[in-house]
Amino acid sequence: AAFPGLRVRALPADLGCDQGLRLVAEAGRGLREAGDPQRLLLINNAGSLGNISKTFSDFSEPDEVNSYLNLNVTSALCLTASVLKAFPAQPGFSRLVVNISSLCALKPFKSWSLYCTGKAARDMMFQVLAAEEPDVRVLNYAPGPLDTSMQEEARSLSADPEVRQAFIHLKESGQLIDCDVSARKLLDLLVANAFESGAHVDFYDP
């Protein structure tokens, strides 16, 4: 409404399955054929917390782990690869890929085995992209503890009492970050464009 010339297309898709990934990849190719863009910005934000009511030793069923990794790791790799193929490098065309990361990519949180594993894998995956494709700018951005429904899950479902209490304290002390504030920090980083490609940058970093 604020920008009548801006075209917005919502595309619901389950990125945890092959059909959903193909749907999004085909949509990307369609956008490429529809115009002559000067810039590509892909933000990989899709993901899930996983079952945080279990500890490491509770994950003995491969199907549960594989299902989590399909959505949180495999889809990010395949979707990004498909989009970059649909929008190949060419003179005057900039490509920027953002991975929404987390402190959990760097630090272990007890009872968060799946989430920490997925975030760490994604950080390294996008570091490899940065090394392989110097013309693609890549950023792993950790948005900080956002005030979202995921935080509600963290406060109520974390199996580890210390982790659960830490998130309760963040909420009660007003330390959770508004999503708009963190999004603005991300935009400022992208506009400044001073980060090393593939770097992990946290909301709290100066």
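Let me begin with a term I will use throughout: a residue is called buried when its relative accessible area is under 20%, exposed when it is over 50%, and partly exposed in between. By that rule Lys-110, with a relative accessible area of 47%, is partly exposed. Please keep in mind that what we are looking at is a predicted model.

I will stay with Lys-110 for a moment, since several things come together around this residue. Its side chain forms a salt bridge with Glu-162, in which the closest N and O atoms are 3.5 Å apart. This pair links distant parts of the chain, for Glu-162 belongs to helix α5, whereas Lys-110 is in the loop between β2 and α3, and the two are 52 residues apart. Glu-162, with a relative accessible area of 56%, is exposed.

Which residues join Lys-110 in a network of salt bridges? They are Asp-160 and Glu-162. Asp-160 is found in the loop between α4 and α5, and at 13% relative accessibility this aspartate counts as buried. If we set aside residues up to four places away in sequence, Asp-160 touches Lys-110 and Ser-111. There is also a long step along the chain to mention here, in that the C-alpha atoms of Asp-160 and Lys-54 are separated by 8.7 Å, although their positions lie 106 residues apart in the numbering sense of being that far apart along the chain.

Ser-111, which I just named as a contact of Asp-160, deserves a look at its backbone. Its phi is near 75°, which is a positive value in a residue other than glycine. Ser-111 lies in the loop between β2 and α3, and its relative accessibility of 6% makes it count as buried. A positive phi is also found at Asn-193, which has a value of about 55° although it is not a glycine. Asn-193 lies in the loop between α6, residues 179-192, and β4, residues 199-202, and this asparagine is partly exposed, with a relative accessible area of 41%.

Now to the salt bridges more broadly. Side chains of opposite charge can pair when their charged atoms come close. How many salt bridges does a search of the whole structure find? The search finds five, and I would like to describe two more pairs individually.

In one of them the side chains of Arg-95 and Asp-135 meet, at 2.7 Å from N to O. Arg-95 lies in strand β2, residues 94-100, and Asp-135 in the loop between α3, residues 113-132, and β3, residues 136-142, so this pair ties together parts that are 40 residues apart in sequence. Is Arg-95 buried or exposed? At 7% relative accessibility, Arg-95 counts as buried, while Asp-135, at 38%, counts as partly exposed.

The other pair is Lys-171 with Asp-147, whose side chains meet in a salt bridge of 3.4 Å, N to O. Here Lys-171 lies in helix α5 and Asp-147 in the loop between β3 and α4, so the parts being tied together are 24 residues apart in sequence. Lys-171 counts as partly exposed at 38% relative accessibility, and Asp-147 is partly exposed as well, with a relative accessible area of 41%.

Lys-171 brings us to the packing of two helices. Helix α4, residues 149-157, and helix α5, residues 161-172, pack at an angle of about 130°, and their axes are 7 Å apart. That angle makes α4 oblique to α5, and the crossing in which α4 passes α5 is left-handed. Where the helices meet, α4 contributes Gln-151, Ala-154, Arg-155 and Ser-156, and α5 contributes Arg-164, Phe-167, Ile-168 and Lys-171. Sorted by class, this contact has three nonpolar, two polar and three charged residues.

I will finish with Asn-44, which has its place in strand β1, residues 39-44. At 4% relative accessibility, Asn-44 counts as buried. Leaving aside neighbours within four places in sequence, its contacts include Ala-76, Leu-79, Thr-80, Val-97, Val-98, Arg-122 and Phe-126. For one of these, Thr-80, I can add that its C-alpha atom is separated from that of Asn-44 by 8.1 Å, with the two residues 36 apart along the chain.

How values were computed. Residues are numbered from 1 along each chain as its sequence is written. This is a predicted model: local features need pLDDT of at least 70, side-chain atom pairs count only at pLDDT 80 or more; totals for chains, interfaces and linings use all residues. Side-chain values use heavy atoms; hydrogens and water are left out. Axes are lines fitted to C-alpha atoms, for helices over the stretch in contact, and angles run from 0 to 180 degrees between N-to-C directions. Helices (H or I, at least four residues) and strands (E, at least two) are DSSP runs, numbered from the N terminus. Angles under 35 degrees count as roughly parallel, over 145 as roughly antiparallel, 65 to 115 as roughly perpendicular and the rest as oblique. A crossing is left-handed if the near helix is turned anticlockwise from the far one by less than a right angle, and right-handed if clockwise. Contact means heavy atoms within 4.5 Å. Ala, Val, Leu, Ile, Met, Phe, Trp, Tyr, Cys and Pro count as nonpolar, Asp, Glu, Lys and Arg as charged, and the others, Gly among them, as polar. A salt bridge is a side-chain nitrogen of Lys or Arg within 4 Å of a carboxyl oxygen of Asp or Glu. Buried means under 20% relative accessible area, exposed over 50%, partly exposed in between (1.4 Å probe, protein chains only).
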